[in-house]
Amino acid sequence: MKRIEIAKLVEMEEFGRQVVVMGWVRTIRISKNVAFIALNDGSCLRNAQIVADLERFEPTLFSRIHSGASLAVTGKLVESLGTQQKNEIQAEKIEILGEANPDYYPMQPKKHSLEFLRENAHLRFRTNLFGAISRVRHNMIFAIHKYFNDRGFYNVHSPIITASDCEGAGEMFHVTTLDLNKVPKTPEGKIDWSQDFFGRETNLTVSGQLEAELAALALSKVYTFGPTFRAENSNTSRHLAEFWMIEPEVAFADIHDNMDLAEDMLKYLVQYALDHCAEDIEFLEQRLINEENAKPANERSPMLLREKLRFVLENKFERISYTEAIEILKNSPEQKKNKFSYPIKEWGADLQSEHERYLVEKHFKKPVILTDYPKEIKAFYMKQNPDGKTVAAMDVLFPQIGEIIGGSQREENYDKLLSRIQELGMSTETLWWYLDTRRFGTVVHSGFGLGFERLMLFITGMGNIRDVIPFPRTPKNAEF
């Protein structure tokens with residue numbers, strides 16, 4: 001008989017039918033002559049309720065069944081007398097597929113701290129919390145591909161190994177096959193990269209944007225969705241060394257088209273989550289409610305999870321310039337009462353998360369798109385505005401997250417792009433191919449980057465980015 005997934009089983013009303021389910025024991029409770037087993041196979045949040053008459057089985061069987069053990073259960077589907085499920089299985093055969101010794105198995109049927117679960121990331125998928133996060137993550141991956149596919153975009157695989165630094169920050173991981181105990185040197189005493197595998201210095205990519213631009217300037221509408229890497233020695237709740245990025249690039253599109261695409265995509269993804277992950281989002285929201293109730297009243301979040309998601313759907317994103325935002329922040333009560341950790345001192349300051357959240361949560365009370373940033377705090381490839389001071393950049397700001405998308409209209413003018421690269425002391429030799437696209441059929445084009453884990457933080461309500469990626473990579477941590 002074929003196994004039935006628990007996601008399908010829990011909705012079945014074919015009472016009297018013989019069924020087979022397989023999964024891992026969440027809990028087992030023995031009462032008088034009956035054993036009650038909650039079995040989960042990861043296909044949904046809910047468990048299959050197994051009811052076993054002790055007299056039908058070997059006396060030693062249930063002494064071997066503990067949380068974490070895997071079972072195959074054959075039995076009759078009957079209507080449940082309980083209120084938490086519509087059916088249950090009267091067990092006729094129970095086979096232990098794999099035991100889990102309770103003296104060693106760390107995932108006991110109790111609440112564990114998130115730090116403990118990070119230390120046991122190889123097993124945290126088995127908890128309700130990480131099962132829910134994993135299912136939401138899958139749905140968001142599918143929704144992103146569906147969104148772009150349905151709108152005529154082509155997916156492009158940008159390289160993971162690259163010789164260019166898209167962001168110019170220099171925080172990149174080297175890729176090398178050189179013997180680190182005997183590194184070849186040039187006569188000047190520098191590393192002789194010509195003897196390395198690629199014959200030059202290479203790194204793990206920080207972005208697929210530059211390569212996506214090349215494709216967009218032939219295919220018109222493309223997007224990348226791949227891993228990116230930053231060797232930033234940061235241990236905050238918002239930083240990872242390895243994370244995933246979604247980066248659309250569109251030819252014949254200016255900054256306004258770019259903003260329209262970003263807003264439309266984000267609203268689509270939020271709606272998709274509400275429509276397809278309702279059970280898991282309800283669970284995640286209840287978890288947040290329990291956490292918030294444990295906090296002092298003045299520290300509680302002003303919005304519940306689903307309320308926060310609807311906040312994005314129900315409001316048209318406010319669009320203002322960086323200059324306007326600076327004036328709002330300089331005149332805000334928080335600034336005047338010295339409540340900002342990073343006070344706004346002058347035009348040109350790089351906005352912090354607290355400033356972005358103030359604009360969204362307190363001033364406009366809607367998502368915000370900031371445009372026209374000072375060119376000194378933005379990347380070399382952004383379109384230079386006529387004022388000579390700003391670039392056609394755009395950042396999308398969300399409640400509780402701050403910046404969730406960063407993008408711009410790209411500089412399509414060869415001379416201006418070349419001048420900016422030289423001004424920043426970057427190598428024109430390594431970017432010759434990028435400059436070439438401005439020499440042969442250049443057009444106005446735009447794009448942005450959405451950090452997938454930032455999106456997952458928003459959709460799930462989790463507070464630490466390490467908890468929305470299966471195997472977080474952070475400084476001193478590459479355990480699993």
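In the predicted model, a nonpolar patch of about 390 Å² lies on the surface and is formed by Ile160, Ile161, Phe197 and Phe198. Of these residues, Phe198 is located in the loop that runs between strand S8 (174-175) and strand S9 (202-204). The relative accessible area of Phe198 is 42%; Phe198 is therefore classed as partly exposed, the class between the limits of 20% for buried and 50% for exposed residues.

The two strands that flank this loop belong to an open sheet of 3 strands, arranged in the order S7-S9-S8 with antiparallel pairing. Strand S7 (161-162) and S8 occupy the edges; each has a single partner strand, so one side of each lacks a neighbour in the sheet. The antiparallel pairing of S7 with S9 extends over 2 bridges, and Thr162 is placed opposite Asn203 of S9. In general, the strands of a sheet pair through backbone hydrogen bonds, in either a parallel or an antiparallel manner.

Nonpolar residues also form cores in the model. The largest nonpolar core comprises 63 residues, among which Met140, Leu266, Val396, Ile404, Ile405 and Leu455 touch the most other members. Helix H5 (residues 255-276) supplies the largest share of this core, with 11 residues. When residues up to four places away in sequence are not counted, Ile405 is in contact with Ala262, Met265, Leu266, Met394, Asp395, Val396, Phe448, Gly449 and Leu450. A second core, separate from the largest one, contains 35 residues, including Cys166, Tyr322, Tyr358 and Leu359. In soluble globular proteins, nonpolar side chains tend to be buried together.

How values were computed:
Residues numbered from 1 in each chain as written. Predicted model: local features only at pLDDT ≥ 70, side-chain atom pairs only at ≥ 80, totals over all residues. Heavy atoms only, no water. Core = buried A, V, L, I, M, F, W, Y, C linked by side-chain atoms within 4.5 Å. Buried < 20%, exposed > 50% of the residue type's maximum accessible area, 1.4 Å probe, protein only. Helix = DSSP H or I, 4+ residues; strand = E, 2+ residues; numbered from the N terminus. Contact = heavy atoms within 4.5 Å. Patch = residues over 30% accessible without salt bridge, like charges linked within 9 Å, V, L, I, M, F, W, Y side chains within 5 Å. Areas by Shrake-Rupley, 256 points an atom, 1.4 Å probe, with all protein chains shown as cover. Salt bridge = Lys/Arg side-chain N within 4 Å of Asp/Glu carboxyl O. Pairing = 2+ DSSP bridges.
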